[in-house]
Amino acid sequence: MLMGIVKGMVVSTQKDEHLIGTKLLIVQAVDSQHKPLRDEEVAVDAVGAGVGEYVLLCQGSSARNVFADPKMPVDLVVVGIIDKQPGD
Amino acid sequence: MLMGIVKGMVVSTQKDEHLIGTKLLIVQAVDSQHKPLRDEEVAVDAVGAGVGEYVLLCQGSSARNVFADPKMPVDLVVVGIIDKQPGD
Amino acid sequence: MLMGIVKGMVVSTQKDEHLIGTKLLIVQAVDSQHKPLRDEEVAVDAVGAGVGEYVLLCQGSSARNVFADPKMPVDLVVVGIIDKQPGD
Amino acid sequence: MLMGIVKGMVVSTQKDEHLIGTKLLIVQAVDSQHKPLRDEEVAVDAVGAGVGEYVLLCQGSSARNVFADPKMPVDLVVVGIIDKQPGD
Amino acid sequence: MLMGIVKGMVVSTQKDEHLIGTKLLIVQAVDSQHKPLRDEEVAVDAVGAGVGEYVLLCQGSSARNVFADPKMPVDLVVVGIIDKQPGD
C-alpha cells in the first residue's frame, strides 16, 4: 500500500454505472516524511476521507474488495486514515 | 485511477476476437494541472469519450469489469468523462 | 494497453508446460510517433504477429484471457496488429 | 517479490473493517547489497517482522493469499524474513 | 514477461507456510543485449534454473498459475530458461 495526501476531488457526471455515488479523490503518494512520490492519481474513498488528510491507499484488484459491488472498475482506494507514524 | 486526455484512435483490423467492436483510444495521463505524466497508452472506451476529452482511466484487472464479456483482453479503460476538478 | 514493435523472438526449450507451443516475441513499447518507451519485454503472440510489425499489447491478468488454457503463466500478450493511427 | 527493510509502523484507527487487527509496516525495498530501491511503501505483516528486519515482500493480488480473509484490501505483504543472501 | 539473469539465492527460514520448499532466486531483468534493466527482484523458480542462467520471468497473478498450490504468495516466477535469442 501507499501513504498519501488527499489533494482534491474529481467530478464526473458521465461515468460507468458502477461508479455512480462514489467519491473520487485526487491523491498524492508521499513517504513517511510527507515528501511527494510519484504522480497524482485518483482514488475512490472508502473511509470518509477529506482534502488534506493523510491516508492509506490500496492498489490493484485488492482495492475492489472493500466494496459490496464486485463489478466496481476501481484500481486505487483510500482504505484508512493515518493517525500517526514515524515522520510526523 | 488516472486522469487523462484522449489524443487519438488506434485502428487494428487483425485483433483478438473479444476486442472486435471496441473503440481503442490513445490516451495521455495528466495531473490536475493537465501536465502530461507517463507515456502514451491505449485504453478501451466504455463511456463514449472522444479526442480532446478529459477522462478517468481504470487500470488492471478491474478495467475488465465494465464490459459484459469477461474474456476481454483489456488492461486500461476510460470509465468516466471528467467535468471539473481543482486544476480547471 | 500499449503500442509496440516486435523486435525478435525468444527460444526457450526448458519451460513451464503451459507455455509449450507458444510464440515468444521480444517487444519494444512505443508511442504514437513510434518513439521507444520503457524497456524491452517478452510477449506471447495471439494474432500471428511477426518481427517489425506494429502491435497492440495487453498486460497483466487480462492477458491470459485470450488463451483457452487458464493456467498459462503469461503477463503480456500481442492482442492486435495496428493498421494505422495518428503518428503514421 | 522484493527484498526490503522494515523502517517503522503506520497507525490508522479509522480504516476498512477487513484491516482491523493487522500490523502495517513502512518498508523500503532494497537490493542484495541493501541499497535502497524505489519509494517507501506500506506492507501488512504476515510473519511477525519488526523494525530493522530484512524481509521478503509479495506484491499485488497474490499478497492476499496469505490471509484467511479473502476480502482483505492489501497489495503488499511481508511473507518472509530473510536469513542470509549474497550481499550480506 | 521479462528476460533476466539469475544472480543468487535468498534464504528465509521464517516464511509463509505456502512458500516452504520453494527456491527463491535473486534475478536481474535484462534486455536482449543482456543490459541490466530495473532493480533486482526475487523470483520463485519453477523450471530448475541456477545462478548465471538466462531466464524468462512471469509477473503478477499469472505467476501463481505454474504451481499446484493456488494460495502461493508469489508475484514473480522463473517460467523458462532462454536458449538463444537475437542479442546472444
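Strand β2(B) and strand β6 of chain C, residues 76-81, pair up antiparallel over two bridges. In this predicted model, a matching arrangement is found one step along: two bridges also join β2(A) to strand β6 (residues 76-81) of chain B, again antiparallel. Behind that repeat is a rotation of 72° that superposes chain A on chain B.

**Strands that pair across chains**

- If you want one residue pair to look for between chains B and C, take K15(B), whose bridge partner in β6(C) is G80(C).
- Between chains A and B, look for K15(A), which stands opposite G80(B) in β6(B).

**Where chain B meets chain C**

- Here 25 residues of chain B and 26 residues of chain C make up the contact.
- On the chain B side, β1 (2-10), β2 (14-15) and β4 (41-45) each chip in at least two residues.
- The biggest giver on that side is β1(B), with three residues.
- Sorted by class, the side of chain B that touches chain C comes out at ten nonpolar, seven polar and eight charged residues.

**Where chain A meets chain B**

- This contact brings together 26 residues of chain A and 27 residues of chain B.
- Three strands of chain A, namely β1 (2-10), β2 (14-15) and β4 (41-45), each supply at least two residues of the side that touches chain B.
- With four residues, β1(A) has the largest share of that side.
- As for the mix, the side of chain A that touches chain B holds ten nonpolar, seven polar and nine charged residues.

**How the copies are related**

- Turn chain A by 72°, with 0.0 Å of shift along the rotation axis, and it lands on chain B with an RMSD of 0.0 Å.
- Why does that matter for the symmetry? Because a turn like that is the relation of a five-fold axis.
- The two copies put different surfaces into their contact, as 8% of the contact residues of chain A recur in chain B.
- Which residue of chain A comes closest to the rotation axis? That's S61(A), with its C-alpha at 5.3 Å.

**Putting it together**

- Strand β2 turns up twice in the A–B story: β2(A) supplies at least two residues of the side of chain A that touches chain B, and β2(A) is also joined to β6 of chain B by two bridges.
- In the B–C story, β2(B) likewise supplies at least two residues of the side that touches chain C, while pairing with β6 of chain C.

Notes
Residues are numbered from 1 along each chain as its sequence is written. Chains are lettered from A and ligands numbered from 1 in the order in which they are written. This is a predicted model: local features need pLDDT of at least 70, side-chain atom pairs count only at pLDDT 80 or more; totals for chains, interfaces and linings use all residues. Two residues are in contact if their C-beta atoms, placed from the backbone, lie within 7 Å. Ala, Val, Leu, Ile, Met, Phe, Trp, Tyr, Cys and Pro count as nonpolar, Asp, Glu, Lys and Arg as charged, and the others, Gly among them, as polar. Two strands pair if DSSP finds at least two bridges between them. Copies are superposed by least squares on the C-alpha atoms of residues with pLDDT of at least 70 in both.
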